[in-house]
Structure formats: structure tokens, C-alpha cells
Amino acid sequence: YNETDLEHGKVGYNTPLAMSLLGLKLGEGRESTTPKGRAKFDVIVLYTSWDDVPEDLRNNPLLSGKPEE
């Protein structure tokens, strides 16, 4: 399932962004270049599959990529 869906906060594992984060552990972060410029990304949780993410987190605007209402 190497899908990228930025609208829902999913990034495919072989994208440049994902590749820049490989090897990081929980709590670590790294700056990376995005289409909109430099941004810092922190590892706050790791899941092996989107299906493993609890439903309440899937609907969290900070993780889903949806704006808060």
C-alpha cells in the first residue's frame, strides 16, 4: 500500500519525504524540503499500517490533514 494522500495526512513510504525520515526513532525529528519550503517533522508515533491506526486518531485533524473546525 504505497499510497500518498496528503489530504488525509498519508505519505507513501518511498517518497522523498518518507525517505528523509527513515531511521528516526520516536521523539526524533528532522528538517526536510517540501514543495512549500523547509519544514520540521517529528516522529510522534509509528504504525506499520494505516489499518493499525486507531479510528479516533484517523479522524484527528492534526493527523488526518483536515483543517480543524
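With the whole chain selected and its surface drawn, the accessible area of the protein in this predicted model comes to about 5,700 Å², and carbon and sulfur atoms account for 54% of that surface. If you colour the 69 residues by accessibility, those that count as buried make up 16% of the protein.

Switch next to a cartoon view, in which you will find three helices and two strands; followed from the N terminus, the order of the elements is α-β-β-α-α. Contacts can be displayed at this stage too: of those between residues at least 6 apart in sequence, 20% join residues that lie at least 24 apart.

Now select residues 29-34, which form strand E1, together with strand E2, to which E1 is joined by six bridges in an antiparallel arrangement. E2 covers residues 37-42, and the two strands make a hairpin that leaves two residues between them. To check the register, pick Gly29 in the one strand and look across to Asp42 in E2, which stands opposite; then move to Glu31, whose partner across the pairing is Lys40.

Keep the hairpin on screen and show its charged side chains, since a search of the whole structure finds two salt bridges. Which side chain meets that of Glu31 in a salt bridge? The partner is Arg38, with a separation of 3.6 Å from N to O, although the residue standing opposite Glu31 in E2 is Lys40. Glu31 is classed as partly exposed because its relative accessible area is 47%, whereas Arg38, at 54%, counts as exposed.

The other pair to select is Lys40 and Asp42, which form a salt bridge whose closest N and O atoms are 2.6 Å apart. Here the lysine, Lys40, is exposed, with a relative accessible area of 53%, while Asp42 is partly exposed at 46%. As a point to keep in mind while viewing these side chains, in a regular strand they alternate between the two faces of the sheet.

From the hairpin, step back along the chain to Gly27, in the loop that connects helix H1 (16-21) with E1. Gly27 has a relative accessible area of 65%, so this glycine is counted as exposed. Then go forward to Val45, which belongs to the loop between strand E2 and helix H2 (55-58). How far apart are the C-alpha atoms of Gly27 and Val45? A distance drawn between them reads 8.4 Å, for two residues that are 18 positions apart along the chain.

Finish at Val45 with the surface switched on again. Is this valine buried, partly exposed or exposed? Its relative accessibility is 38%, and it is therefore partly exposed. Extend the selection to Leu26, Ile44, Leu46 and Tyr47, and you have the residues that, together with Val45, make a nonpolar surface patch of about 510 Å². Val45 qualifies for such a patch because its 38% lies over the 30% relative accessible area required of a member.

Methods: Residues are numbered from 1 along each chain as its sequence is written. This is a predicted model: local features need pLDDT of at least 70, side-chain atom pairs count only at pLDDT 80 or more; totals for chains, interfaces and linings use all residues. Side-chain values use heavy atoms; hydrogens and water are left out. Patches are made of residues with over 30% relative accessible area and no salt bridge: like charges are joined within 9 Å, nonpolar side chains (Val, Leu, Ile, Met, Phe, Trp, Tyr) within 5 Å. Accessible areas come from the Shrake-Rupley method with a 1.4 Å probe; for residues, only the protein chains shown count as cover. A salt bridge is a side-chain nitrogen of Lys or Arg within 4 Å of a carboxyl oxygen of Asp or Glu. Helices (H or I, at least four residues) and strands (E, at least two) are DSSP runs, numbered from the N terminus. Buried means under 20% relative accessible area, exposed over 50%, partly exposed in between (1.4 Å probe, protein chains only). Two strands pair if DSSP finds at least two bridges between them. Contact means heavy atoms within 4.5 Å.
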